[in-house]
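Subject: Structure handover

Hello,

Here is the structure I promised you. Please open it next to this email, and read my notes below.

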Amino acid sequence: MGQEFSSFFRFESKRLLWFIGITFATIVAFQYLGLPYGNVLLSLFSAGNIPTSGSNKIQGKDPPPVPEPINNVTIFNQGNVTIESSLETDNRTRVSGANDSSPIFDLEPRNQANSSLGLGESNKSSTVEGIEKTGNVSVGWKEENLRPSSYNNSMGLDLLTNHSGEENVSRPEHESASLDANSTPSMTNVSPRISTKGTSNDSNIPLFQKDKKSNSMKEENEGNTQAKNSATVRMPKENHNSHAAVPEVTTVSEMNKLFLQSHASYRSMRPKWSSGVDQELLWARSEIEHAPIVKNDPDLYGPIYHNVSMFKRSYELMEQMLKVYVYREGARPILHTPFLTGIYASEGWFMKLMEANTRFITNDPKTAHLFYLPFSSRKLEEALYVQGSHSHKNLIQYLHNYVELIAGKHPFWNRTRGADHFLVGCHDWAPSETKVDMSNCIRALCNADVKEGFVFGKDVSLPETHVRNGLNPTRDLGGKSPSKRDILAFFAGKMHGYVRPILLQHWENKDPDMKIFGKLPKSKGDRNYIQYMKSSKYCICAKGYEVNSPRVVEAIFYECVPVIISDNFVPPFLEALNWETFSVIVLEKDIPNLKSILLSIPQKRYLRLQMRVKKVQKHFLWHKNPVKYDIFHMILHSVWYNRVFSAIT
């Protein structure tokens, strides 16, 4: 009996040793050969190490990628690089008016009469929790954070009246470029129905704050690092100089080069599904690039254009092909309410003429090359901004709700993430208010500033036109002949910004040839101001709070050679017009030498400049019924041209 027990014990011991050996060999094989679950088996022999779904103890050969927030960044500097994420939900800013005292308005008209304005209940999913001054914000990718948020729908927009009366040349005092940092909204949960891409240079910098090189470079590096770690990022052809810092001053000559480079480097996001309009755009691009040479066209004076042949062919194709779908959603006065006088009249006149147009508008959005978002940045400020609050959260929230409404009712926004949509905004705040939810759109902006996120090849510089008579916008057109212009240079205006005080410091009452004033005494119809412009050789167009000024177009209107003193201002219609052939551009630092600069221009060259001002004038005139090559068609052409050259299939 004892001998049998001893034999059995030896047999079981051998089996145990074999089992241990096989187990050890298996662990070694999994560990060193990279087979799945190697770490799991090894962890069985490690006390207290329990693999969890949130740890790195469970790791296969090809672990599933963990989604990380990707900051979509476009840096355009001697070339443009766009980092695109194919994730449907992008990092965007959501704001809430919960802490604002301003009313929340409907996006669509209500049938209920006699509604009263009141405070809207804040949307919890879009509440702003705060933002650090560095602009570094994290966005959660949890499923519950990606649910669509509802928009407040309790007040009626149509209760506000249309205040479209005469405006002063100068902007209201509250329109300062520098605002309280506490008004900066933050990023939070995003609705998956809307997909927008930050395409401006400062898309990740807090709103209403000036660019800071340290922040922008840091965000650029972070964006590139995240892009390398993502398998879903597509990058177009990169220019070697694309990561250089934006220079302090970008001259118009450099802007021309940047715009040409954008043809090769800037592309919008690839559509999520193909459409026949994409092939039409590519065909149009080829036609423009191979345009037949134009000589002695009676309607187009060649020297004022970069390439008159390409411009003419592009304009012809626009007339033949372009179809625009205008969204009907949204209530007045912020949407569909044009105002036709004042310094912001460009957006109102374009809205009026676009919505009434029968040549370009289509009722079939499937055939549309462009989609127009007909809101007024001036009406947005007038209706929602709380005076003295220095907070614009509710304005941005309104635009967010509007985009949500459009994306929820139509499939076209998400096809290109808004790249084939465009807006026209002339108010100073339009760039900052639209760079959140509408950053991927083609933005026609009066405040076209290289340092504030203007994207060459996508955005459009909108002419700021001071319309004094809404019934006759071309009244008082023209001026004295060159021989009767006895004033060398003229300027008058309020002391907005930092440039104008410097101008007056050096030239006010210093020289009889230099008629440089502050605000002129009030006269009926601004007669004194107009007569000075009609009698001057050069009209000084000095920036105010922002880079744009209505004096640029006014000078052309009154046939006075514009002298632009506004560093980094992108002149209107840069896609077509060569501003160096009919204007004088003076750097801000050269204001003390202004008279000597103007006197150094030979009389022969001045006469040539003034003649070309008259030739280019037709491109800056509003007509109640649009005519060929006028300002309405030129704005639309700039949008069309940028869409043609940024389209990708």
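Met-634 counts as buried, because its relative accessibility is 1% and the cut-off for buried is under 20%. Keep in mind that this is a predicted model. Met-634 sits in helix α17. Setting aside neighbours within four places in sequence, Met-634 is in contact with Phe-311, Phe-573, His-619 and Tyr-629. Its C-alpha atom is separated by 8.3 Å from that of Phe-620, a residue 14 places away along the chain.

**Helix packing**

Stay with helix α17, residues 631–646. Helix α7, residues 345–355, packs against α17. The angle is about 85°, and the axes are 10 Å apart. That makes α7 roughly perpendicular to α17. Which residues meet there? From α7 come Phe-350, Leu-353 and Met-354. From α17 come Phe-632, Ile-635 and Leu-636. By class, this contact has 6 nonpolar residues, no polar ones and no charged ones.

**Disulfides**

How many disulfides does the structure hold? There are 2. As a reminder, a disulfide is a covalent bond between the sulfur atoms of two cysteines. Counting bonded cysteines along the chain, the pattern is 1-2, 3-4.

Cys-426 is joined to Cys-446, with 2.1 Å from S to S. This link is left-handed, with -95° about the S-S bond. Cys-426 lies in the loop between β7 (421–425) and α11 (430–434), and Cys-446 lies in the loop between β8 (442–445) and β9 (460–461), so the disulfide ties together parts that are 20 residues apart in sequence. Are these two cysteines buried or exposed? Cys-426 and Cys-446 are both buried.

The other disulfide joins Cys-539 to Cys-560, with 2.2 Å from S to S. Here the link is right-handed, with 110° about the S-S bond. Cys-539 is in strand β12, while Cys-560 is in the loop between α14 and β13 (561–565), so this pair ties together parts 21 residues apart in sequence. Cys-539 is buried, with a relative accessible area of 0%. Cys-560 counts as buried too, at 0% relative accessibility.

**Other cysteines**

Cys-541 is in no disulfide. Its nearest cysteine sulfur is that of Cys-539, 6.7 Å away. A disulfide needs sulfur atoms within 2.5 Å. At 2% relative accessibility, Cys-541 counts as buried. Cys-441 is buried as well, with a relative accessible area of 0%.

**A buried glutamate**

Glu-546 lies in the loop between β12 (536–542) and α14 (551–557). Why does Glu-546 count as buried? Because its relative accessible area is 9%, and buried means under 20%. The side chain of Glu-546 makes a polar contact of 3.4 Å with the side chain of Asn-447.

**Backbone points**

Three places in the backbone deserve a note. Most residues other than glycine have a negative phi, and most peptide bonds are trans.

- Arg-332 and Pro-333 are joined by a cis peptide bond, with omega at about 5°. Pro-333 is in the loop between β5 (324–326) and α7.
- Asn-296 is not a glycine, yet its phi is positive, near 55°. Asn-296 lies in the loop between α5 (276–289) and α6 (308–321). It counts as exposed because its relative accessibility is 80%, and exposed means over 50%.
- Arg-417 also is not a glycine, and its phi is positive, about 55°. Arg-417 lies in the loop between α10 (412–416) and β7. It is buried, with a relative accessible area of 5%.

**To recap**

Helix α7 packs roughly perpendicular to α17. The structure holds 2 disulfides, and Cys-541 is in neither, being in no disulfide. Arg-332 and Pro-333 share a cis peptide bond. Asn-296 has a positive phi, and so has Arg-417.

Best wishes

Definitions and conventions:
Residues are numbered from 1 along each chain as its sequence is written. This is a predicted model: local features need pLDDT of at least 70, side-chain atom pairs count only at pLDDT 80 or more; totals for chains, interfaces and linings use all residues. Side-chain values use heavy atoms; hydrogens and water are left out. Helices (H or I, at least four residues) and strands (E, at least two) are DSSP runs, numbered from the N terminus. Buried means under 20% relative accessible area, exposed over 50%, partly exposed in between (1.4 Å probe, protein chains only). A polar contact is a pair of N or O atoms within 3.5 Å; within protein, one must be able to donate a hydrogen and the other to accept it, and residues adjacent in sequence count only if both atoms are side-chain atoms. Axes are lines fitted to C-alpha atoms, for helices over the stretch in contact, and angles run from 0 to 180 degrees between N-to-C directions. Angles under 35 degrees count as roughly parallel, over 145 as roughly antiparallel, 65 to 115 as roughly perpendicular and the rest as oblique. Contact means heavy atoms within 4.5 Å. Ala, Val, Leu, Ile, Met, Phe, Trp, Tyr, Cys and Pro count as nonpolar, Asp, Glu, Lys and Arg as charged, and the others, Gly among them, as polar.
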